[in-house]
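Work through these exercises with the structure open. Each task comes with a stepwise solution.

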Amino acid sequence: MLALTTLDLFLSINQSELLDEFILTLFATPQLAFFLEKYPTFKQVLLKRMPLVKQRLENVLKETHVPKELATEFYLFQQCQLWRLAQFRAELTPTVEHLGQLAADFYPEARLLAQAATFENAKPDESFQLLFVQRWRISLTLRTVTLHRHLFDQERETLLDELQRQMAISGALSPLVENETSAGRLWDMAAGQWQRPDYQQLVHYSAFLQTQPELRALADQLGRSRKAHAVAAPDATRQWVRLRIREPAVQPEEVSGIHQSDDLLRLLPAELATLGIDELEYEFYRRLLEKRLLTYRLQGEGWREREMHVSARSERLESQPRGPFIVCVDTSGSMGGFNEQCAKAFCLALMRIALADNRRCFITLFSTGMVSYELSATTGLEQATRFLGQRFSGGTDLNACIAALSDRLDTPDWWDADAVVISDFIAQQLPEALIARIKQQQRKQLQRFHAVALSSLGKPSILKIFDHIWYFDTGLKNRILRRWHRTA
C-alpha cells in the first residue's frame, strides 16, 4: 500500500503549508473565534497547544494510505517518466486507455492531448512528451491535495467537537482562571473529561465565591503568604562600579551626501514635489513606509561613550518556595448550611491559586472517617465535582485528621506544603503527643500550618498549634455586617 506521505514526497507537496492552512482555518471557525473573543486568556493556551494538533495530523497522514486506483495511476506515471521517446510513442495509446479504466481525473485531458498529437498521422515529439508528463503531474498533485483536504475536513469536525466540549467547561469555569498558567491547566483538565461530567456544582460554587469577596481575599492572602524578598548578602560591602554609557555626540550638522530614509525634515525637493501629484501620492507613502525616500545625510549624528562611577551593593534574592496545598475540611454536622458553602467555595479559591502557581491541591474531608481528592490532578475537574457533591453530617474526629496530616507532611513530596484546616474547631482536645509532633514539624520552617476558623466558638487550645489563624465568622451578625460593608 502506498502511504500518503510517500506520495507527497514524490510530488513535492509541502505538508507544512497544508497544516498551517488547517490551523488558520480552524481558528477562523465562528465557534472558536467567538470563544477566544469572549475569553482572550485561552488564546495563548490554544496557540501553545497547536504543535500538538499538528503532530496529531502528521500521524494521521503517516497512517493514511491512498486509494488503490490513485496508487496504480501514480506507478504508471513513474513508468512514463522513465520512457524514452520511442517507447513513449508506442505506449501512449495503451496508457490513455489504462487511465480510462482507472477513471482517472487526467483521462479526459490525456485523450485530447493524444488525439492532437497523432492528428493526421503525426508523431509525438519530445516537447509533447514533456507537456504530457507535466500535465499528468499537475493532475496527480491536485487529486492528492484534494485527498488531503477531505482528510483534514474529517479531522476538523472531530477536533471541533472535542474543542467545543473543552470550551464549554473552560468557559463556564473561567472565574477560576487567574493567569495563563491556570488557563492552561484548566484547559488540559477539561480535555480529559470526554464524558462531560456534571460541572454545574463547580459553576454554582464559583458563582457563590464571587458573592463573598472577603472569603476570596482571605484565600488570596493565605495562598500568597510566602514571598521572595531581596536581602543584602552577609559579606556585602558598598563599592564603586564603573559604567560605560552611550550618549549622542554634540557636533555641528553638515550635509555629507544623500541616502534613503523616512526623515521628512530632510527630504529632497524632488521627493517633496511628488507629494503634490495625485498619481504619485500613493507611491510617496509607500516609499515612506519602506524608508526609501531620498533625504540629506548630515554629519553629527554619531554617538560617543562616557564612563561614570556609581555606588552599588551586592544583594541576593531570598526565595521562600510555594509548595502544595493540603486542605482538611471538617464535614461534621455543625459545618452544614452556610458553613458548608463557605468551606467548599474556599477550597475552590485555593484550587484557583494552585492552578495559577502550578501547585498541587490535595483535599481531605474528615468527620468520623476521611476521604481524599486531588483537585490539581489531570482528573481534577471530576474529583472536584465529586468533592462538591459531598454532604456535611456526622461527628468530628479532629485527632485522626491531624495525625494523618502529620504523617503526610513527613513524606518528601510534602515537606514544603501549606497545611490548611477548615473547621469551626468545636471538637475534643488534641493529645499532647500529637501537639508535640506538630511543633517539631513547625521547626523545619518549610511547612506552614493554617487554620481557617468559621466560628468564634472554636477552642483556643486547639487553635494555638497553628502558625496562622484566619477568621471568617459565618454567624448571622457578621454576615449582615459584611453585606452592609459591601453595599455601603
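**Exercise 1. A ring pair in one helix**

By about what are phenylalanine 128 and phenylalanine 132 separated in helix 8?

Solution. The model is predicted: local features need pLDDT of at least 70, side-chain atom pairs count only at pLDDT 80 or more, and totals for chains, interfaces and linings use all residues. Residues are numbered from 1 along each chain as its sequence is written, and side-chain values use heavy atoms, with hydrogens and water left out.

Step 1. Helices (H or I, at least four residues) and strands (E, at least two) are DSSP runs, numbered from the N terminus. In helix 8, phenylalanine 128 and phenylalanine 132 are four residues apart, so about one helical turn separates them.

Step 2. Check burial. Buried means under 20% relative accessible area, exposed over 50%, partly exposed in between (1.4 Å probe, protein chains only). Phenylalanine 128 counts as buried because its relative accessibility is 11%. Phenylalanine 132 counts as buried at 0%.

Step 3. Now look across the chain. Rings of Phe, Tyr and Trp (its six-membered ring) pair if their centres lie within 6.5 Å; planes under 30 degrees apart count as stacked, over 60 as edge-to-face and the rest as tilted. Phenylalanine 208 and phenylalanine 338 form an edge-to-face pair, 5.9 Å centre to centre, with 75° between the planes. This pair links distant parts of the chain: phenylalanine 208 lies in helix 10 (residues 200-210) and phenylalanine 338 in helix 14, 130 residues apart. Both phenylalanine 208 and phenylalanine 338 are buried.

Step 4. Return to the helix 8 rings. Ring pairs link Phe77, Phe88, Phe106, Phe128, Phe132 and Trp136 into a cluster.

**Exercise 2. The sides of a helix**

Which residues of helix 7 are buried?

Solution.

Step 1. In helix 7 (residues 107-117), the buried residues are Ala110, Leu113, Ala114 and Ala117.

Step 2. They sit on the same side of helix 7, because they cover an arc of only 100° around the axis. The arc is that of the directions from the helix axis to the C-beta atoms.

Step 3. Leu112 and Ala116, on the other side of helix 7, are exposed.

Step 4. The buried residues of helix 7 pack against helix 6 (85-101) and helix 8 (126-172), where contact means heavy atoms within 4.5 Å.

**Exercise 3. The sheet**

In what order do the six strands of the open sheet run?

Solution.

Step 1. The order is 9-8-7-10-11-12, with mixed pairing. Two strands pair if DSSP finds at least two bridges between them.

Step 2. Find the edges. Strand 9 (370-374) and strand 12 (468-471) each have a single partner strand, so one side of each is left without a neighbour in the sheet.

Step 3. Take one pair. Strand 7 (residues 325-330) and strand 8 (residues 361-366) pair in the parallel sense over six bridges. Phenylalanine 325 stands opposite cysteine 361 in strand 8. Valine 327 stands opposite isoleucine 363 in strand 8.

Step 4. Check enclosure. Six of the six residues of strand 7 are buried, so strand 7 is largely enclosed by the rest of the structure. Phe325, Val327 and Val329 lie on one side, and Ile326, Cys328 and Asp330 on the other.

**Exercise 4. Charges over rings**

Over which ring does the charged end of arginine 359 sit?

Solution.

Step 1. A charge sits over a ring if NZ of Lys or CZ of Arg is within 6 Å of the ring centre and within 35 degrees of the ring normal.

Step 2. Arginine 359 has its charged end over the ring of phenylalanine 325, 4.1 Å from the centre.

Step 3. Arginine 482 does likewise over phenylalanine 472, 4.0 Å from the ring centre.
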